[in-house]
Amino acid sequence: MFAELLQYMLSGLTIGAIYALAGLGFSIIYNASHVINFAQGEFIMIGGMASATLTASGVPLPLAILIGCGGAMLVGVLVAKFAVERARNASTVTLIIITIGASIFLRGVAELVWGKDFKRLDAFSGETPIQFLGASMQPQSLWVVGTAAVLIVAIGLFFNRTLTGKAILATSHNRLAAQLVGIDVKRVVLASFALSAALGAIGGAVVAPITFSYTEMGIMLGLKGFTAAVLGGLGHGPGAVAGGLIVGVAEALGAGYISSAYKDAVAFVIILAVLLFMPNGLFGKRGTERV
Amino acid sequence: MKMLATTDLSPDTMSQARRVGPPILKVEHLSREFGGVLAIGDLSFTVAAGDIHSIIGPNGAGKTTLFNLVTGVYKPSGGRVLFDGADVSGMAPYRLAARGMSRTFQNLQIFFNMTALENVMVGRHLHLNTRLLPALFRFPSLVRKDREAKDRAAQLMADVGLEKYIDADAASMPYGALKRLEIARALASEPKLLLLDEPAAGLNATESREIDEVIKTVAATGVTIILVEHDMKMVMGISHRITALNQGRMLAEGTPQEVAANADVIAAYLGAAP
Amino acid sequence: MNALLHGRLTGLLALGAVIAVLPAFLPNNFYLDIAILAGFNAVVCVGLNLLIGYAGQISLGHAGFFGIGAYASGVLVGVYGWPPILALLTGAVVVGLLAFLVAKPILRLKGHYLAMATLGIGIIVSIVLRTESGLTGGPDGMMVEPFKIFGFELYGEKVWYWVVGVLLIGVVWLSLNLIDSPMGRALRAVHGSEVAAEVVGVDTARFKVLVFVVSAVFASVAGSLFAHYAGLITPAKADFFKSIELVTMVVFGGMASTFGAVVGAVVLTLLPQALTVFQDYQQIVLGGILMATMVFMPKGLLPTLAALLPARRRA
């Protein structure tokens, strides 16, 4: 009974950690540019595919992850520079379509480069399950949760302790004011895309041994990441992390106790329920419209 | 702030013999806070029907917040707003509009996705058939009344001096014209009480005088007007009564002469603009 | 007034003329089929444009309503033996009610929060359709019986072409009527400035709900007829990608333009067919075209083209 619950919680936290990284990615980009980047899932896919295919051709795992990460960052910067930056003043829905166009484009390229079939990546430290209070856990889950935790803390430090991080935060609060004090707002947008891409790609690499990699793996992960970001309150970093974990755990519990077929619906039911009562998410700012 | 003391007060509006109408708006112990900061605190005053009643005060005195509270854009934290004898505190703006209250905005709120004429026609909303099925199937009665609304909107635009912009896109109009467009739109709803939030802000002297004339003409038709305005010459010239605010609280109230002579008011203005 | 009326009539006549002569230029049923699919998409997009283009509210879940309409017809006719027209109407009423119930709370949301909520509704609908395989046939979809009415059976591309053509003209007519009415102005006012609309008496919440319901019902009716035409429906017709496709058509053609929505639907229905020549590069080209058009023509195809013409009339 308890062991079962614990089992669901653990698998929920594992996938929730990936949602948290994706959600954080959405929030970072949203803060810098007020764009919802629907290509966020593609960064995860690039990380997963690159590390799986590169290791298969003999590249050592850490280098493979690094290359995947760098590739995703490059792609992120290109999307920001050639699509988002040029459409600055377009409407919300136009920007959404631009990033969806980018995600279709990236999936197309990925299919061309890597093909449509599933790619396998070996677990980083074996597959002997770890027993824990009656529940068993794949060592890879520890890798996922641990990596996510390190990245999240690093991101927190980055935003609070470094000048670049503070510049990004300043831009998110007031773009014009940031510009006036000499922050290069365009570079902030590029940096935020690169950062989000790195988060996504590393997440994709560590989760790949659990989910397998395929060119469409980013679609649902991306949407769940968006859900996590909205659940926490758009632009609220810690909120996105909490949102990701909540969605992950709720999904695992739903799959375990209710119906595994409806697993993917859980996140969206939660978000609808929350938005009903808290239209700005759990931790979002409650602004009064100025007229 | 020399202006306060030396403004020549036109005798016609200041005549002591003028009959004071029944109260159309009563604000009782109204307050509103934002994150612990009191924007309006324990404010009470009454506006008499038929008056041009101005609200003055230095920047940050809470004038626009007061407008937002009275017109239902914000909900009060405490106190009441009575309109035409009924408690309307926190009532949605569209319901207040149906009861005869409309307003303009300090920062323009124009429908930039429409023509100027259509902007004013939206103001006729309450007087037209706005149901779905008649619209979908273009009932003849709806089309006929819509045509009348169009003529009426064109007339209103002419009344505020916008005849040359009738076919213009709102997005292509200059600032001064948009200020008047807001007034025409509000008038199209046939309000009993019209709140004007800085109608002359950003206008040159000539334009200001023209707005001044528009306001007087509207008031002459029996519409009660509450005016927020920084142009003291305009305020002193056309107001029947003035309420002065400072930091969300009542500072003084009375006729323009009384308020202009009030030591607190002068101090507040001098203090705010050293 | 005259000019506006003129514009309405010219547009409708032009659309009617194109629909009337088009079959003469289509060599076979394959092309007729594409034209029919474009027509169905156009019907949904005209409705969706009322919501997105005119009232300024995003929906990333409208394929869900299309799907409910389609499956209502599939299930009620196929499983329960209802007359198709009754199934279509029931689907429309159910979608209308559902849209009404969800609209009030979710349309309070703004921008991306609204996008999230509508996206969620669409995805939940498609997951239900995919999972309740006892009724819906699951991921493989279900066969749908032909549309029979008064003893006639609508059969073949030639018949369906005219059905969809007439439906599209009707829907465009309704949309043009609505826009040029007090309610239509109220919708555009909601887009322009909600607070300004409120202070002249527009109950913004009511109009947002109404237009959401109208656009959902348009989608449902199109879904029902599509199900009978295609004979096979799958949950993919209700999923996230279909929703995105519909929104893209509206924005691509030009927001706040009824004919823009039609043009967008037609162009983006044809495009994937045309892109099959690119084979493996199809997705890349499609994604690239979407990005490029939105970056360089953020207002969409028709308004951009109209702006190039001498400024005589608005589309």
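This report describes a predicted model with chains A, B and C, taking each chain in turn and then the contacts between them.

## Chain A: overall build

Chain A contains 11 helices and two strands. Followed along the sequence, these elements occur in the order α-α-α-α-β-β-α-α-α-α-α-α-α. The C-alpha trace of chain A extends over about 55 × 45 × 35 Å along its principal axes.

The radius of gyration of chain A is 19 Å, in agreement with the value near 19 Å expected of a compact globule with 291 residues. Of those 291 residues, 55% are buried. Contacts that link distant parts of the sequence are well represented in chain A: where the two residues are at least 6 apart in sequence, 76% of the contacts join residues at least 24 apart.

## Chain A: packing of helices α1 and α2

Two helices of chain A, α1 (residues 2-33) and α2 (residues 40-56), pack with their axes 9 Å apart and at an angle of about 130°. Because of this angle, α1(A) is classed as oblique to α2(A). The two helices, α1(A) and α2(A), form a right-handed crossing.

On the α1(A) side, the contact is made by A:Ala22, A:Gly25 and A:Phe26, which meet A:Gln40, A:Gly41, A:Phe43 and A:Ile44 of α2(A). By residue class, the contact between α1(A) and α2(A) comprises four nonpolar residues, three polar residues and no charged residues.

## Chain B: overall build

Chain B has a secondary structure of 12 helices and 10 strands. Its radius of gyration is 19 Å, close to the 19 Å given by the globule rule for 274 residues, so chain B is as compact as a globular protein of that length. The principal axes of the C-alpha trace of chain B give a span of about 65 × 40 × 40 Å.

Within chain B, 46% of the 274 residues are buried. When contacts in chain B are restricted to residues at least 6 apart in sequence, 68% of them join residues at least 24 apart.

## Chain C: overall build

Chain C is made up of 14 helices and four strands, together with the residues that connect them. For its 315 residues, a compact globule would have a radius of gyration near 20 Å, and the 19 Å of chain C agrees with this. The C-alpha trace of chain C spans about 50 × 45 × 45 Å along its principal axes.

In chain C, 58% of the 315 residues count as buried. Of the contacts in chain C with a separation of 6 or more, 77% are accounted for by residues 24 or more positions apart.

## The contact between chains A and C

Chain A contributes 38 residues to its contact with chain C, and chain C contributes 32 residues. On the side of chain A that touches chain C, at least two residues come from each of α4 (92-114), α9 (217-232) and α11 (263-277) of chain A. Helix α4(A) gives the most to this side, with 16 residues. The residues on the side of chain A that touches chain C comprise 28 nonpolar, five polar and five charged.

## A residue at this contact: C:Leu290

One residue of chain C that touches chain A is C:Leu290. C:Leu290 is located in helix α13 (residues 282-296) of chain C. It counts as buried because 26 C-beta neighbours lie inside 10 Å, where 20 or more are required.

Leaving aside residues up to four places away in sequence, C:Leu290 touches A:Ile97, A:Gly101 and A:Ile104 of chain A, as well as C:Thr248 of its own chain. C:Leu305 is 15 residues from C:Leu290 along the chain, and the C-alpha atoms of these two residues are separated by 17 Å.

## The contact between chains B and C

Chain B also meets chain C, with 37 residues of chain B in contact with 26 residues of chain C. Several elements of chain B each supply at least two residues of the side that touches chain C: the helices α4 (93-98), α5 (116-122), α6 (132-136), α7 (140-159) and α8 (175-188), and the strand β6 (101-103). The side of chain B that touches chain C consists of 21 nonpolar, nine polar and seven charged residues.

How values were computed. Residues numbered from 1 in each chain as written. Chains lettered and ligands numbered in written order. Predicted model: local features only at pLDDT ≥ 70, side-chain atom pairs only at ≥ 80, totals over all residues. Contact = placed C-beta atoms within 7 Å. Nonpolar A, V, L, I, M, F, W, Y, C, P; charged D, E, K, R; others polar. Axes fitted to C-alpha atoms, helices over the stretch in contact; angles between N-to-C directions. Parallel < 35°, antiparallel > 145°, perpendicular 65-115°, else oblique. Left-handed = near helix turned anticlockwise from the far one by under 90°. Rg over C-alpha atoms; globule rule 2.2 N^0.38 Å. Buried ≥ 20, exposed ≤ 12 C-beta atoms within 10 Å, placed from the backbone.
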